[in-house]
Amino acid sequence: MGAAEPEPTCRVTISMLGGKCWGEEAHPGWAVRDLRDQVAASLGFAKAQVKLLFGAAELQSRAPLERSGVGEGALLTAVVVPPIYPGSGVYEAIVSSAVGAPALGEESEERMQIVQDVMGKKARLNDAFQELLRRRARPGDRAGLGRWAMTPRRRTM
């Protein structure tokens, strides 16, 4: 029996509205979220803050890249959005709670900055938690701790 053939990769170009462009390696069988996670890590943003567009359409995170039409040489646009954004239900609920909270500062702009900072930190914490869960799901990874997993101790009598 021969070794399993490595999954083929494709090189895609990621561009941002500000003009920044770079290449990323991807596997056609990956879900869009796998590439999005890689792009988010490259940019230093929480995964939930990065959206990928192909043409004028936002790619659906669970869809395979192949089925989405993304292949060798594809040009994708990465858009970074705030962790919460005006108009979302979560945003409105948080803001309405913060408006009456004098401990958050006097100015509404100052309150909004505090809310956005907290939500950004929560998004990064959520990403770390999801990564821990993925590690736990990997076969042979004891308790999701990767190389830090402890080996079982043998009892001696």
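Here are a few worked exercises on the predicted model shown above.

Local features need pLDDT of at least 70, side-chain atom pairs count only at pLDDT 80 or more, and totals for chains, interfaces and linings use all residues. Residues are numbered from 1 along each chain as its sequence is written, and side-chain values use heavy atoms, with hydrogens and water left out.

**Exercise 1. Work out which pattern of helices and strands the protein chain follows.**

Step 1: Collect the elements, which are DSSP runs numbered from the N terminus (helices are H or I with at least four residues, strands are E with at least two). The protein chain has three helices and five strands.

Step 2: Put them in sequence order, and the pattern reads β-β-α-β-β-β-α-α.

**Exercise 2. Find which residues are the bridge partners of Leu53 and Phe54.**

Step 1: Look for paired strands, meaning that DSSP finds at least two bridges between them. Strand 3 (residues 50–54) pairs with strand 5 (residues 75–80) in the antiparallel sense over five bridges. Strand 3 is also joined to strand 4 (residues 57–58) by two bridges, again antiparallel.

Step 2: Read off the partners. Leu53 is bridged to Thr77 in strand 5, while Phe54 is bridged to Ala57 in strand 4.

Step 3: Check the turn. The hairpin of strand 3 and strand 4 has two residues between the strands, and Gly55 there takes a positive phi near 70°.

**Exercise 3. Locate the salt bridges and decide whether their residues are buried or exposed.**

Step 1: Apply the criterion, a side-chain nitrogen of Lys or Arg within 4 Å of a carboxyl oxygen of Asp or Glu. The whole structure yields two salt bridges.

Step 2: Take Glu25 and Arg11, whose side chains meet at 3.2 Å, N to O. This pair links distant parts of the chain, with Glu25 in strand 2 (residues 21–26) and Arg11 in strand 1 (residues 10–16), 14 residues apart.

Step 3: Take Arg36 and Asp37, which meet at 2.7 Å, N to O.

Step 4: Classify by relative accessible area (buried under 20%, exposed over 50%, partly exposed in between; 1.4 Å probe, protein chains only). Glu25 is partly exposed at 36%, and Arg11 is partly exposed at 40%. Arg36 counts as buried at 18%, and Asp37 is buried at 11%.

**Exercise 4. Identify which ring the charged end of Lys20 sits over.**

Step 1: Use the test for a charge over a ring: NZ of Lys or CZ of Arg within 6 Å of the ring centre and within 35 degrees of the ring normal.

Step 2: The ring is that of Trp22, with the charged end of Lys20 5.1 Å from its centre.
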